[in-house]
Amino acid sequence: MAVKYVYFFGAGQTEGNGGMRNLLGGKGANLAEMTAIGLPVPPGFTLTTELCTEFYRNNRHYPEGLQQEVADHLARLEQAMEKKFGDPDNPLLLSVRSGSRASMPGMMDTVLNLGLNDVTVQGLIAGSGNPRFAWDSYRRFIQMYSDVVMGMDSDLLEDILEQTKELRGVKLDTELTAEDLRQLVIRFKNKVQETLGRQFPSDPEEQLWGAINAVFGSWMNPRAVTYRKLNNIPADWGTAVNVQAMVFGNMGNDCATGVAFTRNPSTGENRFFGEFLLNAQGEDVVAGIRTPQPIDKASNDGHLPSLEEVMPACYEQLLQIRSTLEQHYRDMQDIEFTIEKDHLYMLQTRNGKRTAKAAVKIAVDMVLEGLISKQEAVLRVAPEQLDQLLHPSLDPKADKDVVATGLPASPGAASGEIVFSAEDAEEAAKLGLKVVLVRIETSPEDIHGMHAAQGILTARGGMTSHAAVVARGMGKCCVAGCGGIKVDYKAQQFTDESGQVFKRGDVITLDGSTGEVMKGLVPTVEPELTGDFGQLMEWVDEFRRLRVRANADTPNDAAVARQFGAEGIGLCRTEHMFFEADRIMAVREMILADDVEGRKRALSKILPMQKGDFLGLFQEMKGLPVTIRLLDPPLHEFLPHTRREIDELAAVMNVSAEVLQQKVDHLHEVNPMLGHRGCRLGITFPEIYDMQVQAIMEAACTLVREENYEIVPEIMIPLVGHVNELKLLRNRASRVADEVVLRSGAKIDYLIGTMIELPRAALTAHEIAEEAEFFSFGTNDLTQTTFGLSRDDAGKFLPFYVQRELLPCDPFVMLDQSGVGELVRIGCEKGRQTRPNIKLGICGEHGGEPSSIIFCHRLGLDYVSCSPYRVPIARLAAAHAALLEKKA
Ligand code: PEP
Ligand code: MG
């Protein structure tokens, strides 16, 4: 059977349904679904995403028979509408819109009012009795079509429109008369002819195919390509094309068009939230051309009347639809509607994009409302998204100099230097500067700059403007529609209402939750972790199997980690303690000592300090497991560098500066990452590890004996490549530990284990497990050594690899599952062969990255360990892993 490429919806009948999202795109599937559940949807048909793929596969040609299939569906549409496409008396007009599987707001193209020409416009006038509306639709059509399909610079016609308004002494498009608009149509067509050297097409059939080609073509336009890259959307998904009968929001003041969210997308509050414009069409609301009016009376701040007041019957119907949609989709919806002569039509519904704050609140509320289960609520929040909630917001007690207020479009706080273009934002971010992007309004061309900026401020546009929607999707703070500022791109400055001037490079602060714009940098406070967030995390903990620990070196880090729900410390890097100002001299003395005695003398100075460090950690963790890694980095990292430091140390050590300098030079390594580091230090200078083990065990014994703690310290030996290394060090460590225990009389157990961070360790894990009671996969070093990629130098070329798609992503961020991950899998399997109950964890950066965490769950690790701020993300990702496994 021939492949079906076109699906009809309308008049209560549908060939597709909501489940066919992959084939019909989000918009097409939902138009079919809304039609099926009896909502008022203008009829139409969808050309499938498969057709898009076919189109590109065949060098931009359509399969045979498509023309006929489209013609058949058009005939069916004409029948449903009782109008004919191209009919001089009663013409059917069409909208042609893209719609891919994943929503890509504003990324692709749309053509409205298609089918108009000098003849059909007369039919439209006769049918509607409204010449102004007909000419307005016609001039809109030429503007959109010449831009989207013919590739003409849209400013050329926009300028003519502006000139006309100026000439007529009016501000708004709606103030132009029918005659003004008729004249505009003529001037527009002339301009097209003059600019492109060809006529604006008058044949409706040609117009339709032009628009279909353009929408399929827009799938590969640069901004769609960029958006897909940023959002990991594969190019072969393709877009669908929706051809739908036009309904008109621009026929007069009993007409309107609007967009709404069934709940507040910024805060998650369960209240209808949206904007509309009277006597307007399609993109007017999002384009920020006129100031939109609120949907409900409660949001009317006295400036403009709400839909509830202006069109109460339509408002009631819309409220009903809001509830029908939420009950049906069981999620917050983002809708578009048009009112034509008091008749309401639904043009789109989709799951609404929302801030992290709103995602959490909506998920929790919907469980309490009985709409979804706790499991669904947990799966509704993306782990990475939580990041937005875990970062500081403005300190409410801080002084702030508010210079303007706009709309609170996307929450969070951001400070930075002002830049006025996406290019400047990107440049500055590359130099490590924090910037705030200030624009009159944003468009899809600005995406890369928005990505690079800390926050976004726009002078125009509402809560559903491009800037607002995109910033919320990115989790970036945004203040939109800040009418109080005057932006002057040429002078690279903006002026507030009092006349104060802000130049490029001046620092401002934005509060995306209040809409305030402040002069200078305003301090921030830590996030709130109770309320809805706390509730959701409680559910998260019910479903996950993986434990989550933190990488923490100080009692302070440990306290933050505990607040975020860490269940232990998976990695304490002891070297960080060696850098403290009061001990670095002793550390240097130890490293540069001539003999064992000298080393021991210096170490005895460090011992009490180390013991204090571990006491603090154990106290903070209150009996939760703590893994302490013995010294790992190459010794020369601790050495004095400047002449002054050398002189100072020489005096303490009672040697000449020259002798000391020689020793320092002697310790220099060509390739320190593969050099004298990790367990190799413990083997050549055993006194260092002895001291550390003694400090760990003395701290633990003190707390066990004096404060009844139950502690089982986990002593971890780094960078083991051969079992003999571990055997030697383990014997020595347990001898020291046992001595301490015996001396103290405490009843205490301890574990000795190792990091698996070299390929050889993973491959011989069955041998290593003879000597190790636990493994912790150090995937930072394991990535470095598996790829043969220097952690310190990869920044110079790795981004290029990712850009050129030689690698799907940075393997230091996302675990390379097929390579490095395979070694982890082998390590687990072989470790368990020898010691079935061996405790397994991961402490590389990947322990806080959701896709890597899901991988760790599948391997059956006991825990992941990550930086304190990522602990909630890891908890949520672990719950996702468990729930997804169940689903599968
Ligand atoms: C690792 O290598 O993954 C690890 C956790 O250790 P470090 O980053 O300290 O080398
Ligand atoms: Mg390491």
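Reader: What makes strand S9 and strand S12 a pair, and in which sense do they pair?

Author: Strand S9 and strand S12 (residues 333–340) are joined by six bridges. Two strands pair if there are at least two bridges between them, so S9 and S12 are called a pair, and the sense is antiparallel. This is a predicted model.

Reader: Where does phenylalanine 261 stand in relation to S10 and S12?

Author: Phenylalanine 261 has aspartate 334 as its bridge partner in S12. In S10, phenylalanine 273 stands opposite phenylalanine 261. S9 and strand S10 (residues 273–278) are also antiparallel, with six bridges.

Reader: Why is strand S9 called mostly covered?

Author: Six of the six residues of S9 (residues 256–261) are buried. On one side these are Ala256, Gly258 and Ala260, and on the other Thr257, Val259 and Phe261, so both faces count as covered.

Reader: How do you know which strands stand at the edges of the sheet with the order S21-S22-S23?

Author: The sheet is open, has three strands and is paired in the antiparallel sense. Strand S21 (486–488) and strand S23 (501–503) each have a single partner strand, so one side of each has no neighbour in the sheet. From one strand to the next, the twist averages 20°.

Reader: What makes S21 and S22 partners?

Author: Three bridges join S21 to strand S22 (residues 493–495) in the antiparallel sense. The rule asks for at least two, so the two strands count as paired. Aspartate 488 has glutamine 493 of S22 opposite it.

Reader: Which way do S30 and S31 run, and how many bridges join them?

Author: Strand S30 (residues 714–717) and S31 run parallel and are joined by four bridges. Glutamate 714 faces leucine 751 of S31 across the pairing, standing opposite it. In S31, six of six residues are buried, and the strand is mostly covered.

Reader: Why are tyrosine 62 and phenylalanine 216 called a tilted pair?

Author: Their ring centres are 6.1 Å apart and their planes stand at 50°. Rings pair if their centres lie within 6.5 Å, and planes neither under 30 degrees nor over 60 count as tilted. The values fit both conditions, so the pair is tilted. In sequence the two residues are 154 residues apart: tyrosine 62 is in the loop between helix H2 (49–57) and helix H3 (66–81), and phenylalanine 216 is in helix H8 (residues 204–218).

Reader: Are tyrosine 62 and phenylalanine 216 buried or partly exposed?

Author: Tyrosine 62 has a relative accessible area of 23%. Buried means under 20% and exposed over 50%, so tyrosine 62 is partly exposed. Phenylalanine 216, at 0%, is buried.

Reader: What makes the pair of tyrosine 145 and phenylalanine 200 edge-to-face?

Author: The angle between their planes is 70°, and angles over 60 degrees count as edge-to-face. The centres are 5.4 Å apart. Tyrosine 145 lies in helix H5 (residues 131–148) and phenylalanine 200 in the loop between helix H7 (178–196) and H8, so the pair ties together parts 55 residues apart in sequence. Tyrosine 145 is buried at 3% relative accessible area, and phenylalanine 200 is buried at 7%.

Reader: How many aromatic pairs are there, and which residues do ring pairs link into a cluster?

Author: The count is 16 aromatic pairs. Phe55, Tyr56, Tyr62, Trp209 and Phe216 are linked into a cluster by ring pairs.

Reader: How do you know that the charged end of arginine 101 sits over a ring?

Author: The charged end of arginine 101 is 3.9 Å from the centre of the tryptophan 237 ring. The distance limit is 6 Å, and the direction must also be within 35 degrees of the ring normal. Arginine 101 is listed as sitting over the ring. Arginine 549 likewise sits over the ring of tyrosine 863, at 4.0 Å from its centre.

Reader: What makes Glu757 and Asp781 donors of the magnesium ion (ligand 2)?

Author: Glu757 (OE) and Asp781 (OD) lie 2.0 to 2.2 Å from the ion. The limit is 2.8 Å, so these count as its protein donors. Glutamate 757 lies in the loop between strand S31 (751–756) and helix H28 (759–763), and aspartate 781 in helix H30 (residues 779–787), so the pair ties together parts 24 residues apart in sequence. Both residues are buried.

Reader: Why is lysine 519 called partly exposed?

Author: Lysine 519, in strand S25 (residues 516–519), has 40% relative accessibility. Partly exposed runs between 20% and 50%, so the term applies to lysine 519.

Key
Residues are numbered from 1 along each chain as its sequence is written. Chains are lettered from A and ligands numbered from 1 in the order in which they are written. This is a predicted model: local features need pLDDT of at least 70, side-chain atom pairs count only at pLDDT 80 or more; totals for chains, interfaces and linings use all residues. Side-chain values use heavy atoms; hydrogens and water are left out. Axes are lines fitted to C-alpha atoms, for helices over the stretch in contact, and angles run from 0 to 180 degrees between N-to-C directions. Rings of Phe, Tyr and Trp (its six-membered ring) pair if their centres lie within 6.5 Å; planes under 30 degrees apart count as stacked, over 60 as edge-to-face and the rest as tilted. Buried means under 20% relative accessible area, exposed over 50%, partly exposed in between (1.4 Å probe, protein chains only). Donors are N, O and S atoms within 2.8 Å of the metal (3.2 Å for Na, K and Ca); water is not among the atoms, so sites may look incomplete.
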